[in-house]
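Let's take a walk through this fold, starting with how some of the helices pack and then moving on to the pockets. Keep the viewer open as you read.

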Amino acid sequence: MMKSICVYCGSSPGASPVYAEGARALARAMVEQNIALVYGGGNVGLMGVIATEVLRLGGAATGVIPTALLEKELGHHGLTQLHVVSNMHERKAMMAELSDGFIAMPGGMGTMEELFEVLTWAQLGFHAKPVGLLNVGGFYDSLIAFVQQMVAERFLTAEQSGLMMHEETADGLLERFLQYKPVYSNKWLDRDTARNLLP
């Protein structure tokens, strides 16, 4: 049973209103499925949009924020729960621990870091939780193509690339999350070849 999903997204609203619309759509879909939000605890950008919408609709929203960001008055003070931690490493670890899955919405460097960290953990078998992109307005089209290039160049298997699900609608992505069954595969491609290249 999926009780909560961690959403990674920008602390900026982005150039188009379609991104905020996507955040509100995801909030509605999660509340309809009785799935709580776990996120970075901010009250700015898409982070603030999705948290505020979840709360407005009667859902639960838990934030995890480092002290340094809270002191900059970036924290959301209306949340169901707000955990204040010492640093970014603690933040990411707690967000992962509290969540049954991970969704990346449009965002910047921090969103990419968080996305690829949980994808790597999934690839290594450190967790068996679904990871997906909400590809609002085609924001992630280039990233999806780049992951396929990793497959073509044999740095990733097709099976491993499937760990990064992607859909254009919140309802479609949540449906895949609810039907998700973990896939386990060998992390290493061409292990013997790689070993032979060592000096």
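**Helix packing, then pockets**

Helix 1 passes helix 2 in a right-handed crossing. Keep in mind that what you're looking at is a predicted model. To pin the pair down, helix 1 and helix 2 (residues 45–56) pack at an angle of about 35°, and their axes are 8 Å apart. On the helix 1 side, the contact uses Tyr-19, Ala-20, Ala-23, Arg-24, Leu-26, Ala-27, Arg-28 and Val-31. Helix 2 answers with Leu-46, Val-49, Ile-50, Glu-53 and Val-54. Sort the residues of this contact by class and you get ten nonpolar, no polar and three charged.

Now stay on helix 1 and look for its other partner, helix 8. The axes of helix 1 (residues 17–32) and helix 8 (residues 170–178) come within 9 Å and cross at roughly 40°. That angle is why helix 1 counts as oblique to helix 8. Here, too, helix 1 makes a right-handed crossing, this time with helix 8. Ala-25, Leu-26, Ala-29 and Met-30 of helix 1 touch Ala-170, Asp-171 and Leu-174 of helix 8. That contact has six nonpolar residues, no polar ones and one charged. Leu-26 of helix 1 is worth selecting in the viewer, as it takes part in the contact with helix 2 and also in the one with helix 8.

On to the open space. How big is the largest pocket? Its volume is about 320 Å³. There are 22 residues in the lining of the largest pocket, and Cys-9, Gly-10, Ser-11, Met-47 and Arg-91 are the ones nearest its centre. Strand 1 (4–8), helix 4 (88–98) and helix 5 (109–123) are the elements that give two or more residues to this lining. Helix 5 has the largest share, with four residues. By class, the lining of the largest pocket splits into twelve nonpolar, eight polar and two charged residues.

The second largest pocket holds about 180 Å³ of space. Which elements supply at least two residues each to its lining? They are helix 5, helix 6 (141–152) and helix 7 (158–161). Helix 5 again gives the largest share here, four residues. Among the lining residues to pick out are Phe-116, Leu-119, Thr-120, Gln-123, Val-147, Met-150, Gln-160 and Met-164. The lining of the second largest pocket has seven nonpolar residues, four polar and no charged. So helix 5 is a handy landmark when you move between the two pockets, since the largest share of each lining comes from helix 5.

Notes: Residues numbered from 1 in each chain as written. Predicted model: local features only at pLDDT ≥ 70, side-chain atom pairs only at ≥ 80, totals over all residues. Heavy atoms only, no water. 1 Å grid on protein atoms, 1.4 Å probe; cavity = no way out; pocket = protein on both sides within 12 Å on 5 of 7 lines; lining within 4 Å. Points joined across faces, edges and corners; volume = space filled by probe spheres on them. Nonpolar A, V, L, I, M, F, W, Y, C, P; charged D, E, K, R; others polar. Axes fitted to C-alpha atoms, helices over the stretch in contact; angles between N-to-C directions. Parallel < 35°, antiparallel > 145°, perpendicular 65-115°, else oblique. Left-handed = near helix turned anticlockwise from the far one by under 90°. Contact = heavy atoms within 4.5 Å.
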